[in-house]
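Please look over the sequence and the model before reading on. The paragraphs below are meant for someone who has not seen this structure before.

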Amino acid sequence: MIRDSLKYFYQKWQRLKLPFLIYPKGNGRKFSVSSEKMKEFNRVRFHGPKKLACYNPFVNLYFNSRGQAVVCCRNQDTVLGTYPENSIREIWFGEVADKLREHLLNNDFSMGCSYCRHQFETSRFYGLPSMHADYYATTKKGYPKIIELELSNTCNLQCVMCSGIVSSSIRKCRENLPPLENHYDENFVWQLKEFLPYAKEIKFYGGEPFLIDTYYKIWDELVNSRSKAKLHVVTNGTVLNEKVRHYLKNLKFTITVSFDAMNKELFESIRIGADFDKVKSHIEEYNVLLGGKGLSLSVTPMKSNCREVPKIIDYCNSLNATVNMSFVENPADMALWTLCSKELKEIELFYKEYRFSDYHGVNSDYNIKAFNQFVKQINVYYENNKKREDEYFQNLRTEDECRKILSDTLNSALKQNIIFESDKKELLKIINKVESGLSGFQQQIYFGNLAKFLEEKGVEPIKELFIDGLDREKLMHNLNSMSKMPDIYNKSYKEL
């Protein structure tokens, strides 16, 4: 309780700086964060208000499984260098790194920072990768304070939203591709020794970190040097053995477990290959090994599990753990931003009506605030998708207009001897049969799309229908596809 109180008063004290900060003007840069957004961000920053939106280029070095070095997991476009072609020293102190630092000195997100730009535009700041660097905020050029390692995609799961880039199992079984090349050798660990004494935090990702051999070599080095660095592992929670327990007891670890549902069946349908009961048991043992602090759960809200989010937050609160809500951009068909406005509004209302269990403390307070920002983001998607839908339906032809266009097109086909009167009756019968199986919402889309199709194509599709004889099943399938709304959300999302 004393520790929680100190955190609370520290945050309050830091807020006193907010009115006195002067932010970079951006010098006419297109993607610089506005002063208004910076003020909004600074009100919720855990380590207090700051002039810059992100300090990652000055304090953070990240190696991915392709041998590339970047400054942030969410910016894989701006590559500082590639190992082993470039040494770790050349990468961190090189020209690309300096250029990215210059951009962020102006709060300019144009150099590969599209993820954070989107989160700023939708005012969802909790969980931003820039938050992690705030504790070490500096613009001085020195060794990185944070080292993040994603050295391999070795993984025992095939999560539905994941890809072979971060899961060897998916790459082998789902994508039928050869294993990724291993870029990191003994020399990498040897070069890393120069940087380890300066690192305050070292983070280990996968794949599944507890299945990656190189990490054990680094942990051995840290144990031997009696390192005081804070170590962090993002795990799927399937691995916990005596070897893992040894490192958790002898080094300063915190752990994030990917955990996407409190329902066993749903969890195992998302995290394919995982056992819900085993993972939940491991989570609770991790928490004991960490002394009841330093545990977090990472949930990936998607269409399938978005209603599980509040339950997971309740579970986090019961463990005094923090929640991290990942953001799904792709696969788009799983992402929340592709939902229609009606479904988004239903989810938003579900969230607002949910009553959390009664827990107190800084972590619980953080979790609820993070959840509330997530709900606000859902509302932003609702507003934008509703606007797109209204525009779409305003431009749709009515059923009467469609019937007129259909009649004119069929009569034109009759005059050109493309069809006979009996064919016309058959076509109208099939069109009406498809309509009878649709809801009012679908019927509106159906007639609008059919009218647009006939206006654009005329009698040509009718001619093609009868070249080899009328295929009724194929025609019904094509007509049914016209009851589906086209992709109108992608443009709305990109504009955000």
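What follows goes from the whole chain to the sheet, the cores and then the aromatic rings.

The model is predicted, not determined by experiment. Its protein has 496 residues, and 51% of them count as buried. Taken along the principal axes, the C-alpha atoms fill a box of roughly 90 × 50 × 50 Å. The accessible surface is about 24600 Å², and carbon and sulfur atoms make up 51% of that area. Among contacts with a separation of 6 or more, 72% join residues that are 24 or more positions apart.

The secondary structure consists of 22 helices and 9 strands. How are the strands ordered in the open sheet? The order is β3-β2-β1-β4-β5-β6-β7-β8-β9, and the pairing is mixed. Strands β3 (81-82) and β9 (322-325) are the edges, each pairing on one side only. Within the sheet, β5 (residues 201-204) runs parallel to β6 (residues 230-235), and 4 bridges link the two. In one of the pairings, Glu201 has Lys230 in β6 as its bridge partner.

The next topic is the nonpolar interior. In soluble globular proteins, nonpolar side chains tend to be buried together. The largest nonpolar core here holds 109 residues, and the members that touch the most others are Phe63, Leu149, Ile202 and Trp219. Helix α16 supplies the largest share of this core, with 7 residues. There is also a second, separate core of 24 residues, including Ile430, Tyr446, Ala451 and Met482.

Ile202 can be followed further. Which residues does Ile202 touch, leaving aside those up to four places away in sequence? They are Ile147, Leu149, Leu196, Leu222, Ala229, Lys230, Leu231 and His232. Leu149 in that list is also one of the core members with the most contacts to other members, and Lys230 is the bridge partner of Glu201.

The aromatic rings give another view of the structure. A search of the whole structure finds 36 aromatic pairs. One of them joins Tyr184 and Phe188, whose ring centres are 4.7 Å apart and whose planes meet at 65°, an edge-to-face arrangement. Tyr184 counts as buried because its relative accessible area is 3%, and Phe188 is likewise buried, at 0%.

A further pair is formed by Phe393 and Phe441, with 5.4 Å between the ring centres and 55° between the planes, so this pair is tilted. Why does this pair tie together parts that are 48 residues apart in sequence? Phe393 lies in helix α16 (residues 362-394), whereas Phe441 lies in helix α19 (residues 440-457). Are these two rings' residues buried or exposed? Phe393 is buried, with a relative accessible area of 17%. Phe441 is partly exposed, because its relative accessible area is 45%.

Some aromatic residues group beyond a single pair. Phe204, Phe210, Tyr215, Tyr216, Trp219, Tyr247 and Phe253 form one aromatic cluster. Trp219 has already appeared among the core residues that touch the most other members. Another member of the cluster, Tyr216, has the charged end of Lys243 over its ring, 4.2 Å from the ring centre. A similar placement occurs at Tyr115, where the charged end of Arg74 sits over the ring, 4.0 Å from its centre.

Key. Residues are numbered from 1 along each chain as its sequence is written. This is a predicted model: local features need pLDDT of at least 70, side-chain atom pairs count only at pLDDT 80 or more; totals for chains, interfaces and linings use all residues. Side-chain values use heavy atoms; hydrogens and water are left out. Rings of Phe, Tyr and Trp (its six-membered ring) pair if their centres lie within 6.5 Å; planes under 30 degrees apart count as stacked, over 60 as edge-to-face and the rest as tilted. Buried means under 20% relative accessible area, exposed over 50%, partly exposed in between (1.4 Å probe, protein chains only). A charge sits over a ring if NZ of Lys or CZ of Arg is within 6 Å of the ring centre and within 35 degrees of the ring normal. A nonpolar core is a set of buried Ala, Val, Leu, Ile, Met, Phe, Trp, Tyr and Cys residues joined through side-chain atoms within 4.5 Å. Contact means heavy atoms within 4.5 Å. Accessible areas come from the Shrake-Rupley method with a 1.4 Å probe; for residues, only the protein chains shown count as cover. Two strands pair if DSSP finds at least two bridges between them.
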